[in-house]
Amino acid sequence: MRTLQDLAALGPHGARVRDAVAAIADAAVAIAQKLARAAVEGALGASGAVNVQGEEQQKLDVIADELVFAKLAASGAVAAIGSEERPQLETVEHAEGNLLVLVDPLDGSSNLDVNGAVGTIFTIYEAQRSIDPQAALRPGREALAAGYVMYGPGLVLVLTVGAGTHGFSWDAQEGRWVLTHPDMRIPDGKGYYSVNEAYAPRWSEDARARLARMKEETKLGLRYVGAMVADVHRTLLKGGIFLYPPDTKNPQGKLRLMYEAIPMAMLVEAAGGMAVAEQGKRILDIAPEALHQRTPVYLGSPSAVRYFA
Ligand code: AHG
Ligand code: MN
Ligand code: MN
């Protein structure tokens, strides 16, 4: 069985990002252990702080953020890190490496208290030695790699290093990540649509009409977990579409471009799918202007996404 050690063989950037990916994978194993004991250790619930997103931080958001930072900084491969939980990009002290990693340390944290699936999402770029950190942000099409960890019944790491989308499963007994889902291809013409339809009254009339036509013509079932990692993982395996349209509460959409939309768009496109922000705009072509900027997201099987493309 192939393992995460074979990353160099899985795409053109595998060797280049191997140490950063290994750091995130190590952090994920530690985060999974924290999640398993959270209720017993009183680590569930809010931290009392509000993050830069204006969202109430969960204690585990902070714990996951600190674990990911520590492992990435120790890897020696990373020059700077941008996190959903921190206001600005942060440079790594005495960095030897020159990778820029954007990370959502804990995705779907509203599921924590109900023991639901959550995840960690990341995007890896070559760092630009630029004075202006914001200039470091470039379109997703220039990224070297992207991936997510899903903390479910099993611990799964899905990533792309420039060619194809590959899934690894943590083998706790052997202490290694095993390649269980080589070269994932998104099914077309089946699966589920996945959206928080309670917000439909807040969408544009156009978005409501497009969804109604898609439902009528594709007859897809509905599944919505409320954690992007879980909804995208199912979409990759079963087909269909995950969407988060703009609404009156989030006129730019809720999901963040750098560490939610771009990494998921890379994975879905590398698996043969499509990922657009709105009609005619590919997510990977968006030129970022800010670390925490938000974007609409429509991604999944081409035959379903085309209703929004
Ligand atoms: P995060 O926990 O990192 O803030 O992300 C939550 C996101 C994403 O995981 C999910 O798809 C979306 O929020 C769900 O939003 P709603 O609860 O509004 O449906
Ligand atoms: Mn998230
Ligand atoms: Mn998060």
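**Entry 1: burial of two acidic residues.** I looked up Asp107 and Glu260 in this predicted model, and I noted that both residues are buried.

**Entry 2: the manganese ion (ligand 2).** I then listed the protein donors of the manganese ion (ligand 2), which are Asp104 (OD), Asp107 (OD) and Glu260 (OE), and I recorded that they lie 1.9 to 2.1 Å from the ion. Along the chain I read the spacing of these donors as D-x2-D-x152-E. Asp107 belongs to strand S5 (residues 99-107) and Glu260 to helix H5 (residues 257-270), so that I have this pair down as linking distant parts of the chain, 153 residues apart.

**Entry 3: the second ion.** I checked the separation between the manganese ion (ligand 2) and the manganese ion (ligand 3), which is 3.8 Å, and I found that Asp104 coordinates both.

**Entry 4: helices H1 and H2.** I turned to the packing of helix H1 (residues 14-41) on helix H2 (residues 59-75), where the axes are 8 Å apart and the angle is about 150 degrees. Because angles over 145 degrees count as roughly antiparallel, I entered H1 as roughly antiparallel to H2. I also noted the crossing of H1 and H2 as right-handed.

For the contact itself I wrote down the residues on each side: H1 contributes, among others, Ala20, Ala23, Ile24, Ala27 and Ile31, while the residues of H2 include Leu60, Ile63, Ala64, Leu67 and Val68. Sorting the residues of the contact of H1 with H2 by class, I have 14 nonpolar, one polar and four charged. Among the contact residues I also marked Asp19, Asp26 and Lys34 of H1, together with Lys71 and Ser75 of H2.

Terms used. Residues are numbered from 1 along each chain as its sequence is written. Chains are lettered from A and ligands numbered from 1 in the order in which they are written. This is a predicted model: local features need pLDDT of at least 70, side-chain atom pairs count only at pLDDT 80 or more; totals for chains, interfaces and linings use all residues. Side-chain values use heavy atoms; hydrogens and water are left out. Donors are N, O and S atoms within 2.8 Å of the metal (3.2 Å for Na, K and Ca); water is not among the atoms, so sites may look incomplete. Helices (H or I, at least four residues) and strands (E, at least two) are DSSP runs, numbered from the N terminus. Buried means under 20% relative accessible area, exposed over 50%, partly exposed in between (1.4 Å probe, protein chains only). Axes are lines fitted to C-alpha atoms, for helices over the stretch in contact, and angles run from 0 to 180 degrees between N-to-C directions. Angles under 35 degrees count as roughly parallel, over 145 as roughly antiparallel, 65 to 115 as roughly perpendicular and the rest as oblique. A crossing is left-handed if the near helix is turned anticlockwise from the far one by less than a right angle, and right-handed if clockwise. Contact means heavy atoms within 4.5 Å. Ala, Val, Leu, Ile, Met, Phe, Trp, Tyr, Cys and Pro count as nonpolar, Asp, Glu, Lys and Arg as charged, and the others, Gly among them, as polar.
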